[in-house]
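Work through the exercises below with the sequence and the model open side by side. Try each task before reading its solution.

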Amino acid sequence: MQEAALDPDYESLSWSDSDDYDQYVNEELADSRSAKWVALVSRLAGCSLEGKTVLDLGCGPGFFPCALGAEGAKVYGIDTSDNMLACARTNAEKRGVNAVMLHMDAESLSFPEATFDLVVTRNVTWTLPNPVAAYRECLKVLKPGGKLLVFDANWHHEFYSEAVAQKVRENEAAYYRKTGIHTAVCTNDKPYYDSLPLSSVVRPAWDADALTQVGFDGITVIEDAGKEVYLDWEYELYGASPLFAVAAEKPVAAAEGNEVFNVLKATRDYWNERSNTFGLDGSIDKWGDLIQQKLLQRGVTSPWILDAGCGTGAMALTLASRGYRVCGVDFSQGMLLHARMNAKHQGLEIPLVLGCVDQLPFVPETFDVVVSRNVLSNLAVAKEALESWRDALRPGGYLVYFDSSWWHYLHEESLDAKRALAYGTGSSPIFNVLEELAKDMPIAAADRPAWDVMALRSLGFEVEAVEDVSSRVWTAEEQQRYEFAPQFMVVARKPVR
């Protein structure tokens with residue numbers, strides 16, 4: 001069951017060999033691509049680059065410091081590879097460009113706030129363990145009205161989508177027929193790709209959503225920027241993973257959101273606040289035991305598991321500690337921050353992705369199992385979430401989730417009395433806001449788990465088990481406290497086509 005361990009030094013080793021990349025960058029700087037990139041950056045930035053202060057996040061051998069510096073920009077390049085930085089300094093010096101290269105982590109920038117007019121990054125975000133933290137740092141160091149330009153691609157989707165893999169093989173074969181050169185778009189380092197949160201995520205849709213949540217606005221997306229900057233051979237060879245561009249602006253002042261966004265913001269604010277007191281449940285292993293039991297009963301021994309709505313990581317971590325390969329997704333940055341800290345404390349490495357559970361950002365049919373705990377009851381779009389979970393599952397995959405009718409007391413007086421007696425009322429004004437929102441959630445008034453069975457069957461699932469598990473996961477005290485909303489478990493299977 002245990003996956004092969006990833007060498008902890010792998011990342012630094014991967015990006016320390018700069019020779020090939022340095023040669024590629026020097027070729028770009030010497031031909032038409034440099035001018036094409038400058039034109040694209042200037043257009044997306046909406047201004048001339050002369051006199052602008054620019055940060056290149058993950059500068060590598062210095063393409064942007066050289067190309068943008070030649071246009072009169074003052075460019076600071078940062079990277080965690082000393083070899084890359086040495087190449088960048090050499091390339092800038094031989095072109096007479098005054099650029100500053102610094103050893104720095106993209107997820108923890110040491111520049112003062114509001115330092116830069118423009119931040120650019122190329123083929124870097126996909127490599128980051130915590131890309132949301134990097135985007136948050138970019139927002140911090142940009143001046144109000146400044147722009148972030150992200151250039152990247154879904155570089156390794158061939159490991160998660162057979163359709164993309166087939167296109168990659170076709171492109172490699174065509175390249176060989178034309179040039180007589182055998183080349184691989186990427187090496188088979190799947191354990192490394194699996195360790196990164198964005199490897200199987202669908203981008204740039206994810207980036208646009210993450211940037212909005214971090215606080216950027218004015219998001220612009222170019223789905224295929226490669227046709228503007230690539231040479232013909234690059235466009236043909238890398239066409240299975242189109243280079244995209246995302247431009248985002250730091251607001252000059254806070255803007256009023258629309259009603260739909262404010263509902264989402266209020267919900268996210270609640271869970272961000274809860275994350276500060278939402279520790280790891282000491283009894284979480286009981287839920288893990290049930291999941292493991294149900295999977296083993298069905299012959300599932302080495303699955304790729306998604307924890308949908310992972311919170312502070314309790315479910316994901318108890319499953320990872322059993323040797324399962326796990327990915328967590330949550331729309332609360334606060335929850336993900338604590339999940340990362342909890343994983344580090346336990347010595348576990350799992351990808352944690354910012355995203356909404358009703359619109360999962362992953363390649364379809366990525367996971368063998370989707371698990372969740374106490375998530376559906378908090379969604380205004382519960383059925384849409386089930387549909388998204390179905391799409392994320394491979395044919396024959398399993399959905400295993402736990403929930404309670406946590407808000408049903410809002411629609412039934414007897415339950416409200418039980419809750420008020422044993423559980424008390426909301427402990428903070430922000431809880432009361434969420435309670436008001438919950439009144440209008442269709443699932444709050446639903447008869448569950450009967451509603452779940454009907455919804456799952458309508459989405460094509462085969463419902464295999466529905467069980468009250470209150471006595472198996474809660475203490476006697478908890479059973480009494482939560483008597484108004486018993487905990488149930490649902491196991492459903494996505495049919496094989």
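The exercises treat a predicted model and go from a sheet to its strands, its covering helices and a single residue elsewhere.

**Exercise 1.** Find the order of the strands in the seven-stranded open sheet, and say which strands stand at its edges.

*Solution.* Step 1: the order is β10-β9-β8-β11-β12-β14-β13, with mixed pairing. Step 2: β10 (352-354) and β13 (462-468) each have a single partner strand, so one side of each lacks a neighbour in the sheet, and these two are the edges. Step 3: direction ignored, neighbouring strands are turned by 15 degrees against each other on average.

**Exercise 2.** Describe how β8 pairs with β9 and with β11, and how the chain gets from β8 to β9.

*Solution.* Step 1: β8 (residues 304-308) and β9 (residues 325-330) are parallel and share five bridges. Ala308 is found opposite Val329 of β9. Step 2: the chain leaves β8, passes through helix α14 (residues 314-320) and enters β9, a right-handed β-α-β crossover. Step 3: with β11 (residues 367-373), β8 pairs in the parallel sense over three bridges, and Asp307 faces Val371 there. Step 4: β9 in turn pairs with β10, again in the parallel sense, over three bridges; Val329 stands opposite Val353 in β10.

**Exercise 3.** Are the residues of β8 buried or exposed, and which of them point the same way?

*Solution.* Step 1: buried means under 20% relative accessible area, and five of the five residues of β8 are buried. Step 2: in a regular strand, side chains alternate between the two faces of the sheet. Step 3: Trp304, Leu306 and Ala308 point one way, while Ile305 and Asp307 point the other way.

**Exercise 4.** Identify the buried side of helix α16 and what it packs against.

*Solution.* Step 1: in α16 (residues 382-392) the buried residues are Ala382, Ala385, Leu386, Ser388, Trp389 and Ala392. Step 2: these residues lie on the same side of α16 because their arc around the axis is only 160 degrees. Step 3: their packing partners are β8, β11, β12 (393-403), α19 (442-445) and α20 (450-458). Step 4: α16 lies across β8, β11 and β12, at about 140 degrees to β12. Helix α15 (residues 333-345), by comparison, lies across β9 and β10 and runs at about 170 degrees to β10.

**Exercise 5.** Place Ile219 in its surroundings.

*Solution.* Step 1: Ile219 belongs to strand β6 (residues 217-222). Step 2: its relative accessible area is 28%, so Ile219 counts as partly exposed. Step 3: beyond four places in sequence, its contacts are Ala208, Leu211, Thr212, Val246, Ala247 and Ala248. Step 4: Glu249 is 30 residues away along the chain, yet the two C-alpha atoms are separated by 6.9 Å.

Key. Residues are numbered from 1 along each chain as its sequence is written. This is a predicted model: local features need pLDDT of at least 70, side-chain atom pairs count only at pLDDT 80 or more; totals for chains, interfaces and linings use all residues. Side-chain values use heavy atoms; hydrogens and water are left out. Helices (H or I, at least four residues) and strands (E, at least two) are DSSP runs, numbered from the N terminus. Buried means under 20% relative accessible area, exposed over 50%, partly exposed in between (1.4 Å probe, protein chains only). Contact means heavy atoms within 4.5 Å. Two strands pair if DSSP finds at least two bridges between them. A crossover is right-handed if, with the strands pointing away from the viewer, the path from the first strand over the helix to the second runs clockwise. The arc is that of the directions from the helix axis to the C-beta atoms. Axes are lines fitted to C-alpha atoms, for helices over the stretch in contact, and angles run from 0 to 180 degrees between N-to-C directions.
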